Amino acid sequence: MLIRQSKNSYIRCTERYGYITNQLTRQDRVYNDSGAIFLKQISRKVTSIEEIVGNLATIYPDVDQKDLQQDFLDFAQDLEAAKFIVMGNTLEEVEQKDTSFTYSVEVPFTATDDFSQPTKDRVKENTQEFFLEEVQGRPLISSLQFELSSRCNERCIHCYIPNGKKNTGFDMPLAKVKGILDEFAEMGGIHVTLSGGEAFLHKDLLEICKYCREKDLKISILSNLISLKDEQIPVLKEVNLSLIQTSLYSMNPEIHDKITTVKGSFEKTKAAIEKLVAADIPVQISCPLMKANKDGYADVLKYAQKLKIKAQTDYIMMAQANLDTSNLANRLSLEETEKVLRDIFEYDLEYQAITLNLKPKDEERKFNKERFLKEPVCGVGYDNCCITANGDVYPCAGWQEYVLGNVYKQSLKEIWENSERVKYLRKITNASFPKCADCEAFNYCNRCLVRSFNESNGNMFALPKHFCDVAFLNMRLAKEYEEKIMKTMYQS
């Protein structure tokens with residue numbers, strides 16, 4: 001019997017745990033240290049079960065080899081059932097059993113909000129909760145957003161990047177990009193998001209994608225797609241992208257182009273989306289909502305559903321990275337947000353399912369306040385960061401006024417481990433927001449350090465009233481919609 005990891009799976013192991021994730025199914029698992037030993041035996045190289053058991057026998061000399069083989073087979077078969085690995089009696093069978101992303105199935109996967117692990121094997125119950133605890137005191141970078149170019153070919157009215165930066169933009173040289181990717185991979189990184197500015201304005205984007213694949217990194221791209229060329233699509237397919245996310249603001253070309261301030265951008269983005277779908281490349285639509293397009297989200301959702309792709313929205317909006325809040329003039333009022341949310345509950349079945357599954361804090365039977373207060377607010381400084389074209393390292397995209405260091409002056413590893421600013425971020429926990437800890441609408445809130453920082457003149461601990469109002473609105477509408485569903489079920 002032969003075995004190898006799926007081409008869509010990525011494995012990383014430390015002394016404390018083993019981790020495997022699948023970009024096709026969007027599922028992942030975390031194993032303890034003994035499970036990690038088994039996981040380490042699996043790679044992209046096709047290997048026989050006999051060879052693996054022989055390796056394990058040197059690690060566990062006191063265990064009967066038949067028992068060891070059965071233990072590993074049980075472990076491998078569980079992974080195979082979840083599509084993390086492929087097994088077969090011949091090389092041809094292994095290759096045939098591996099699966100690729102395709103829109104020909106009924107429900108293609110492009111995102112997950114469920115971090116539970118449906119197995120009784122040696123895994124933690126919830127990977128997100130595990131990493132929230134694991135990274136405290138032991139930060140391990142896993143994700144990197146790489147703003148390859150500060151240039152952009154759109155001037156969106158709501159964008160958090162000031163237009164002045166786009167007007168005088170530049171790209172990071174290929175050699176420097178590769179050097180940082182080398183370092184990121186050496187540090188145990190797993191997921192790279194390539195963005196900008198506009199990622200496709202970087203002349204070496206495809207070469208960078210190929211290099212990410214050489215370093216066994218999962219690749220996502222954020223792009224408006226108006227510069228995508230037909231000849232680039234086969235290469236994007238070849239490198240097995242995890243995702244391309246693009247913004248589509250309306251199905252009305254005039255509204256979309258008004259937001260991007262680029263005439264013809266709607267037609268170019270829409271055509272590119274459909275070409276990527278035809279090539280079986282996973283696409284996701286982002287549709288930030290503002291005054292200009294507040295009435296058209298349902299149409300974007302219907303378009304996405306027709307193509308079998310995921311669409312998501314952001315109805316909060318973030319102030320500019322230079323602390324200028326003038327772009328927030330485009331933000332929805334609370335009354336406009338309510339109308340939008342009612343549309344979302346009606347048409348976005350995924351949002352509906354996720355939100356209706358949330359409960360106010362006082363209704364959570366498992367809520368452990370002491371544990372909650374010790375948890376980090378988010379992953380910034382713990383497992384991810386962002387690098388821009390000029391070499392500045394930020395905690396995350398949009399937090400450009402809070403520079404952790406610069407990769408032209410220091411190594412990424414040195415910044416990650418020794419920056420005083422990143423050390424400060426790691427001291428911030430939910431206890432830093434005592435008002436939030438007891439808020440019944442906490443689970444419905446979009447609280448975010450960088451949003452608060454940009455909107456409150458550099459105060460990351462501020463709690464903008466609009467965020468709180470929207471959280472309570474979301475909770476109220478979720479309750480109303482749940483009652484509506486229950487009433488309909490009762491009547492039927």
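**Figure 1. Lys 83, a partly exposed residue with an unusual backbone angle.** Lys 83 has a relative accessibility of 43% in this predicted model, so it counts as partly exposed. Look for Lys 83 in the loop that runs from α3 (65-81) to β6 (85-88). Its phi is positive, about 70°, even though Lys 83 is not a glycine. That's worth a close-up, because most residues other than glycine have a negative phi.

**Figure 2. Asp 280, another non-glycine residue with a positive phi.** Here phi sits near 60°, and Asp 280 is no glycine either. The setting is again a loop, this one between α11 (265-278) and β11 (283-286). How accessible is Asp 280? Its relative accessibility comes to 22%, so Asp 280 counts as partly exposed; the cut-off for buried is under 20%.

**Figure 3. The cis peptide bond between Gly 196 and Gly 197.** Zoom in on the bond joining these two glycines: Gly 196 and Gly 197 are linked in cis, with omega at about 25°. Most peptide bonds are trans. Gly 197 belongs to the loop between β8 and α8 (205-214).

**Figure 4. Thr 193 in strand β8.** Strand β8 covers residues 191-195, and Thr 193 is part of it. Is Thr 193 buried or exposed? With a relative accessible area of 14%, Thr 193 is buried, because anything under 20% counts that way. Setting aside residues up to four places away in sequence, Thr 193 touches Leu 144, Gln 145 and Phe 146, along with Ser 220 and Leu 222.

**Figure 5. Phe 433 and Phe 461, a tilted aromatic pair.** The count of aromatic pairs in the model comes to 10, and this view picks out one of them, Phe 433 with Phe 461. The ring centres of Phe 433 and Phe 461 are 5.7 Å apart and the planes meet at 35°, so the pair is tilted. Phe 433 sits in the loop between α17 (420-425) and α18 (434-437), while Phe 461 sits in the loop between α19 (449-455) and α20 (465-491), so the pair ties together parts 28 residues apart in sequence. The two partners also differ in cover: Phe 433 is buried at 4% relative accessibility, whereas Phe 461, at 30%, is partly exposed.

**Figure 6. An aromatic cluster.** Four rings come together in this view: Tyr 31, Phe 38, Phe 72 and Phe 75 form one aromatic cluster.

**Figure 7. Pro 395 and its surroundings.** Pro 395 is in the loop between β14 (392-394) and β15 (405-406). Its relative accessible area is just 1%, so Pro 395 is buried. Which residues does Pro 395 contact, leaving aside neighbours within four places in sequence? Val 380, Asn 384, Cys 385 and Cys 386 are on the list, and so are Tyr 402, Leu 404 and Leu 425. For one of these, Cys 385, there's a backbone distance to go with the contact: the C-alpha atoms of Pro 395 and Cys 385 are 4.7 Å apart, with their positions 10 residues apart along the chain.

**Figure 8. Ala 319, buried within a loop.** The loop in question connects β12 (310-312) to α13 (334-347), and Ala 319 lies in it. Ala 319 has a relative accessibility of 0%, so it counts as buried. Beyond its neighbours within four places in sequence, Ala 319 is in contact with Tyr 160, Asp 324, Thr 325, Asn 327, Leu 328, Asn 454 and Glu 455. Want a sense of scale? From Ala 319 to Ala 76 it's 48 Å, C-alpha to C-alpha, and 243 residues in sequence.

**Figure 9. Zooming back out to the whole chain.** The protein chain is built with 20 helices and 15 strands. Its radius of gyration is 23 Å, close to the 23 Å expected from the globule rule for 492 residues, so the chain is as compact as a globular protein of that length. The C-alpha trace spans about 70 × 55 × 50 Å along its principal axes. Buried residues make up 52% of the 492. Among contacts with a separation of 6 or more, 70% are between residues 24 or more positions apart. The chain exposes about 22800 Å², and carbon and sulfur atoms supply 50% of that. On the charge side, there are 64 positive and 72 negative side chains, and the centres of the two sets lie 3 Å apart.

Conventions
Residues are numbered from 1 along each chain as its sequence is written. This is a predicted model: local features need pLDDT of at least 70, side-chain atom pairs count only at pLDDT 80 or more; totals for chains, interfaces and linings use all residues. Side-chain values use heavy atoms; hydrogens and water are left out. Helices (H or I, at least four residues) and strands (E, at least two) are DSSP runs, numbered from the N terminus. Buried means under 20% relative accessible area, exposed over 50%, partly exposed in between (1.4 Å probe, protein chains only). Contact means heavy atoms within 4.5 Å. The radius of gyration is taken over C-alpha atoms; the globule rule is 2.2 Å times the number of residues to the power 0.38. Accessible areas come from the Shrake-Rupley method with a 1.4 Å probe; for residues, only the protein chains shown count as cover. Lys and Arg count as positive and Asp and Glu as negative; His and the chain ends are not counted. The place of a charge is taken as NZ of Lys, CZ of Arg, CG of Asp or CD of Glu. Rings of Phe, Tyr and Trp (its six-membered ring) pair if their centres lie within 6.5 Å; planes under 30 degrees apart count as stacked, over 60 as edge-to-face and the rest as tilted.
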